[in-house]
Amino acid sequence: RSVIVVNETKVVPARLTLKKETGGGVQVLFISESKKGWEVLSNRKLSLGQTLTLDSQHQFLVVGQRESLFIIRPLFKSRGVFSVLEKYGTTPIPPYIKHPAFGEKKLREEYQSVFAKTKGSVAAPTASLHFTGRLIKKLSVRGHDVRRLTLHVGLGTFASVTKEQLRRGTLHKEYYEISPETARFLNQAKRDRRPIIAVGTTVLRALESASDSMGRLRKLKGETNLFIREGYRFRFVDSLITNFHVPQSSLLMLVSALVSREEITKLYHLAIHEKFKLFSFGDGMLIL
């Protein structure tokens, strides 16, 4: 029987509304922490040296820019950023969901997978949204094992691929971690020729990033900027459960690497013709 690997990352309410010095509002989406501060996406242009204010105790200084991201440094204890987001932030649901049916409290519950445990993502690992506790029990009864890892979903999940990324052959970095116990189990399953099924592109990237040239999980935690596209030789994962992804995304390119661009184009045309629901809360597929 197969081993099904899922992502237990948990979505943080990472969107925060701040005020510029001019009094105008700006929405920033916290992507990841760096040495200089926090990398954020902003719906308004920011300037170096600019101060962004939440309240009298919480201000941020714009200290840099990297491609489409701005870097802001908290002018309070940096450890308090997560507390600020939990108290004042909103759930970063995808932009194509214009009018969510739920309020913020309910969104924080619904925009999570049943596996969600470790906080750190700015988007849900959407393939996991297809799973329920009941389904997991059914899979276990039929002899399938379910194992967990963590990859904190970042900018690469929803941003379009840039020319620079195509040139470099790398993506934005995302942190992953696989426990030694899980790695031992998966390595043994691989030796036993049990199919390894990744639930979502995040799991696939984590497993492929952790795998060495012999197909064994070695590097169990760290940042990955792995860019999987046509021509990539898979070392650990055999199959993938995934959603239908947005055009021009790295995720669509990853899926094409498992089959081919021509085949995935046919599948998408079929999905559109049959009126499948696409993207985060849409339909999924199993690629064997």
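How many bridges join strand β11 to β13, and in which direction do the two strands run? Five bridges join β11 (residues 170–177) to β13, and the two run antiparallel. One of the partners is easy to find: Tyr175 is bridged to Glu223 in β13. Helices (H or I, at least four residues) and strands (E, at least two) are DSSP runs, numbered from the N terminus. Two strands pair if DSSP finds at least two bridges between them.

A word on the model comes next. It is predicted, so local features need pLDDT of at least 70 and side-chain atom pairs count only at pLDDT 80 or more, while totals for chains, interfaces and linings use all residues. Residues are numbered from 1 along each chain as its sequence is written, and side-chain values use heavy atoms, with hydrogens and water left out.

Now to the sheet. β11 and β13 belong to an open sheet of seven strands. The order is β13-β11-β10-β1-β12-β14-β15, and the pairing is mixed. β13 (221–226) and β15 are the edge strands, each pairing on one side only. Neighbouring strands of the sheet are turned by 30° against each other on average, direction ignored. Helix α5 packs on this sheet and touches β1, β10 and β12. The direction of α5 makes about 125° with that of β10. Axes here are lines fitted to C-alpha atoms, for helices over the stretch in contact, and angles run from 0 to 180 degrees between N-to-C directions. Contact means heavy atoms within 4.5 Å.

Ala189 is a residue of α5. Ala189 is buried, at 3% relative accessibility. Buried means under 20% relative accessible area, exposed over 50%, and partly exposed in between (1.4 Å probe, protein chains only). Neighbours within four places in sequence aside, Ala189 is in contact with Val3, Arg194 and Ile196. Its C-alpha atom is separated by 12 Å from that of Asp238, 49 residues apart along the chain.

What is the largest nonpolar core made of? It has 33 residues, and those with the most contacts inside it are Val5, Leu186, Ile196, Leu207 and Leu217. Such a core is a set of buried Ala, Val, Leu, Ile, Met, Phe, Trp, Tyr and Cys residues joined through side-chain atoms within 4.5 Å. Elements that give two or more residues include β1 (3–7), β10 (145–151), α5 (180–191) and α6 (201–210). α6 gives the most, with five residues. Another core lies apart from this one. It has 24 residues, among them Val28, Val40, Leu46 and Val81. Back in the largest core, Leu217 has contacts that include Ala183, Leu186, Leu207 and Phe236, leaving aside neighbours within four places in sequence.

Phe236 also meets a charge. Lys190 lies over its face, at 5.4 Å from the ring centre. Likewise, the charged end of Arg229 sits over the ring of Phe227, 4.6 Å from its centre. A charge sits over a ring if NZ of Lys or CZ of Arg is within 6 Å of the ring centre and within 35 degrees of the ring normal.

Rings also meet rings. The whole structure holds eight aromatic pairs. Rings of Phe, Tyr and Trp (its six-membered ring) pair if their centres lie within 6.5 Å; planes under 30 degrees apart count as stacked, over 60 as edge-to-face and the rest as tilted. Tyr232 and Phe234 form an edge-to-face pair, 4.9 Å centre to centre and with 80° between the planes. Phe244 and Phe276 have ring centres 5.9 Å apart and planes at 80°, so this pair is edge-to-face. Phe244 lies in the loop between β14 and α7 and Phe276 in the loop between α8 and β15, so the pair ties together parts that are 32 residues apart in sequence. Phe244 is buried, at 4% relative accessible area. Phe276 is partly exposed, at 37%. Ring pairs also link Phe30, Trp38, Phe60, Phe76 and Phe82 into a cluster.

Two hairpins remain. β3 (residues 15–19) and β4 (residues 25–33) run antiparallel, joined by five bridges. Leu18 has Val26 in β4 as its bridge partner. Five residues lie between the strands, and Gly23 in the turn has a positive phi of about 100°. In a regular strand the side chains alternate between the two faces of the sheet. β3 has a covered face, Leu16 and Leu18, and an uncovered one, Arg15, Thr17 and Lys19. The other hairpin joins β6 to β7 through two residues. Four bridges hold these antiparallel strands together, and Thr53 stands opposite Gln59 in β7.
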